[in-house]
Amino acid sequence: MQLPRWAFALADENGCSGSTNAALASVNSLPNLDERALLAEAQAGNRAAFEELVRRFDRDVLRLALNLMKRPEDARDVYQEAFLKVYRNLHRFRFECSFYTWLYRIVTNVCLDHLRRRQARPEDQAPEPNPGHHEEGVTDFFERQREHRPTLDPERSMMGLEIKARIARAMERLSPRERIVFEMKHYQGLKLRAIGDALGTTEETVKNSLFRATRKLRNELGGLR
Amino acid sequence: MSPFEKKMNCKDVAPLLVFYVCDEVCEDERKSIETHLTNCKACSEQLAEEKEFHSTLVSAPQAANELDASGILLSQCRSELEEALDDLHAPPLQEHWRPFGWLRRWMALRPVWSGALLVLVGVLAGTQVVPWLQQNPNTTGQAVRVRARQPLTPDQLSNMVVSGLTPSPGSDSLTVQLQVSAEQPMVLTGRVDDANMRQVLTYVVENSERFDAGVRLDCLDALKAAAGDQQVRAALLSAARKDQNPAVRLKALETLRDAAGEDDVRQTLLDALEHDSNPGVRVEAVNLLVNSLNGEAPGADTAQAPEGSVVAPTPAPGTQGDEEIDHVVKVLQELQRRDPSRYVRLRSAAALRQIGPREVQ
């Protein structure tokens with residue numbers, strides 16, 4: 001699994017990784033400014049500096065939002081809302097934690113809000129992928145193009161879609177917090193401590209959430225074994 | 001390893017396998033787990049299941065991979081965020097301040113309703129606002145209501161325009177309101193016996209060429225109550241002699257009725273008899289003279305006397321000096337003979353009879 005760039009940085013922030021610095025530096029070969037200077041510039045009102053910060057992290061933010069929300073329009077809302085919050089509150093960032101942690105605290109809060117709102121409206125549940133009638137459920141042009149790529153193995157695709165559908169259904173059974181913890185741990189590659197920082201809670205609490213989430217999923221997805 | 005120890009170890013290890021698989025156990029836990037796994041087949045099998053489950057989950061297609069495989073969504077998100085930031089940075093719309101702009105927009109979109117609304121507003125203004133303004137003339141805010149505490153300066157007096165004088169509502173008859181416009185409109189309110197108020201009233205009376213005759217008449221009416229004051233007396237006498245308007249002169253004489261027996265007033269009355277061009281004023285002067293001589297109201301007896309006949313009345317005994325009475329009689333006789341107005345001649349004859357038979361010198 002490819003870890004997101006900020007996951008490396010977050011791990012480094014938490015003292016769990018030291019080997020990814022070089023890679024991180026090369027990936028973040030940003031013009032002339034390190035992150036702290038970029039942040040200071042953005043706090044001083046430099047719009048370009050803020051946009052550079054966004055470009056550094058927004059891919060992972062959108063990925064998290066897509067995985068959690070399952071709908072592009074919802075993910076777009078989360079993306080927009082989260083970064084506008086970051087922009088409006090950037091002056092409050094005091095470098096007491098890493099920017100990644102601070103950013104993900106905002107992103108996860110926005111995601112939690114959206115998930116809770118969605119839970120409160122059963123009619124607004126995310127659509128379940130339907131492997132048998134995939135074409136009917138897909139409205140995204142680019143997704144249709146991707147499915148028609150000749151290199152894709154149809155059998156593998158069908159199996160993957162079926163598993164994905166079952167996982168998606170099982171994930172719906174989780175609480176918003178459990179979903180976020182599971183997502184951040186297994187798909188974003190974050191350490192539990194970093195997830196706790198992002199969610200504003202303890203590592204122990206996150207551990208419990210991950211354990212409950214795994215148990216629930218295993219009960220739902222027993223046939224996957 | 002006893003079965004009891006193995007069972008305990010399995011209980012301890014089982015919940016940790018979830019975290020062992022995803023590398024979230026500390027070093028001590030890892031060693032304990034690995035030691036236990038080497039001897040426990042059940043836990044090893046459970047670990048294998050856990051790994052498979054974990055692997056299945058992690059390798060399953062992720063929504064993000066499908067929903068934005070091309071990166072188009074990310075581009076859209078970036079673009080939308082830039083627009084939102086532009087909106088945040090955009091200065092507030094620099095429209096000219098347009099009072100009731102919403103109303104104009106509303107009216108532009110609804111011409112029929114707007115027409116009806118305008119008619120309604122016009123009707124309301126005509127039927128409600130105008131009468132209200134008329135009932136509350138002082139609510140227009142154009143005049144300053146002041147008490148006549150300070151005398152007006154000569155400049156103010158010379159520039160003063162008096163638009164009206166009314167008795168002050170709710171006050172005694174001595175209190176009047178004077179609507180004045182000098183440098184700014186004002187309403188003077190005060191008693192006639194107030195020196196400052198008298199100053200304004202006498203100024204109006206004395207400067208007949210500057211003020212409307214109606215205003216002068218009102219001022220004379222107001223000053224009647226203070227006719228005993230020297231300044232007022234002088235103004236009244238001046239008006240009786242010099243005012244160009246006969247009604248004002250007549251009014252001035254009336255205000256002097258109570259003081260007709262005094263020398264300066266009597267002289268003014270005689271002058272009026274001899275020189276005033278208006279027969280009404282001359283008749284009033286005759287009446288006042290008779291009144292002053294007889295101590296009774298003149299005009300009650302206007303018996304006709306033969307025109308041209310000269311009556312030599314006898315002066316009333318005691319109250320007036322002979323010389324004064326003789327002078328009055330002489331003037332009346334002269335008036336009886338020569339006044340161009342027949343009515344004045346008749347009135348003079350009647351007055352001579354009222355004064356009483358007297359031998360003309």
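Helix α7 of chain B is hardly covered, and none of its 25 residues counts as buried. This description, like those that follow, refers to a predicted model. The helix comprises residues 111-135 of chain B, and its length can be checked against expectation: at 1.5 Å a residue, α7(B) should span 36 Å, and because its end C-alpha atoms are 35 Å apart, the two values agree. The helix nevertheless departs from a straight line, with a bend of about 35° at B:A125.

Three strands of chain B illustrate how pairing and burial are arranged. Strand β3 of chain B, residues 175-181, pairs with strand β2, residues 161-167. The pairing of β2(B) with β3(B) is antiparallel and extends over six bridges, and within it B:V162 stands opposite B:V180. Strand β3(B) is also joined to strand β4 of chain B, residues 185-191, by seven bridges, again in the antiparallel sense. Here B:T175 has B:R191 of β4(B) as its bridge partner.

In a regular strand, side chains alternate between the two faces of the sheet. Strand β3(B) shows such an alternation: B:V176, B:L178 and B:V180 point to one face and are buried, whereas B:T175, B:Q177, B:Q179 and B:S181 point to the other face and are not buried. The two residues named above in bridges of β3(B) can thus be placed on this pattern, B:V180 belonging to the buried set and B:T175 to the set that is not buried.

The contact between the chains involves 35 residues of chain A and 31 residues of chain B. On the side of chain A that touches chain B, at least two residues each are supplied by α4 (47-69), α5 (72-89), α8 (141-147), α9 (154-172), α10 (176-187) and α12 (203-220). Helix α4(A) provides the largest share, eight residues. By chemical character, this side of chain A consists of 16 nonpolar, five polar and 14 charged residues.

Confidence varies along chain B. The mean pLDDT of chain B is 76, and 79% of its residues reach 70 or more. Among the elements of chain B, strand β1, residues 144-147, has the lowest mean, 57, while helix α5, residues 72-89, has the highest, 88. Two stretches stay under 50: residues 1-8 of chain B, with three contacts beyond four places in sequence, and residues 296-318 of chain B, with 50 such contacts. For the model as a whole, the scores are ipTM 0.70 and pTM 0.45.

How values were computed:
Residues are numbered from 1 along each chain as its sequence is written. Chains are lettered from A and ligands numbered from 1 in the order in which they are written. This is a predicted model: local features need pLDDT of at least 70, side-chain atom pairs count only at pLDDT 80 or more; totals for chains, interfaces and linings use all residues. Two residues are in contact if their C-beta atoms, placed from the backbone, lie within 7 Å. Helices (H or I, at least four residues) and strands (E, at least two) are DSSP runs, numbered from the N terminus. Ala, Val, Leu, Ile, Met, Phe, Trp, Tyr, Cys and Pro count as nonpolar, Asp, Glu, Lys and Arg as charged, and the others, Gly among them, as polar. A residue is buried if 20 or more other C-beta atoms lie within 10 Å of its own, exposed if 12 or fewer, and partly exposed in between; C-beta atoms are placed from the backbone. Two strands pair if DSSP finds at least two bridges between them. The expected span of a helix is 1.5 Å times one less than its number of residues. The bend at a residue is the angle between axes fitted to the seven residues ending there and the seven starting there. pLDDT is the predictor's confidence in each residue, from 0 to 100.
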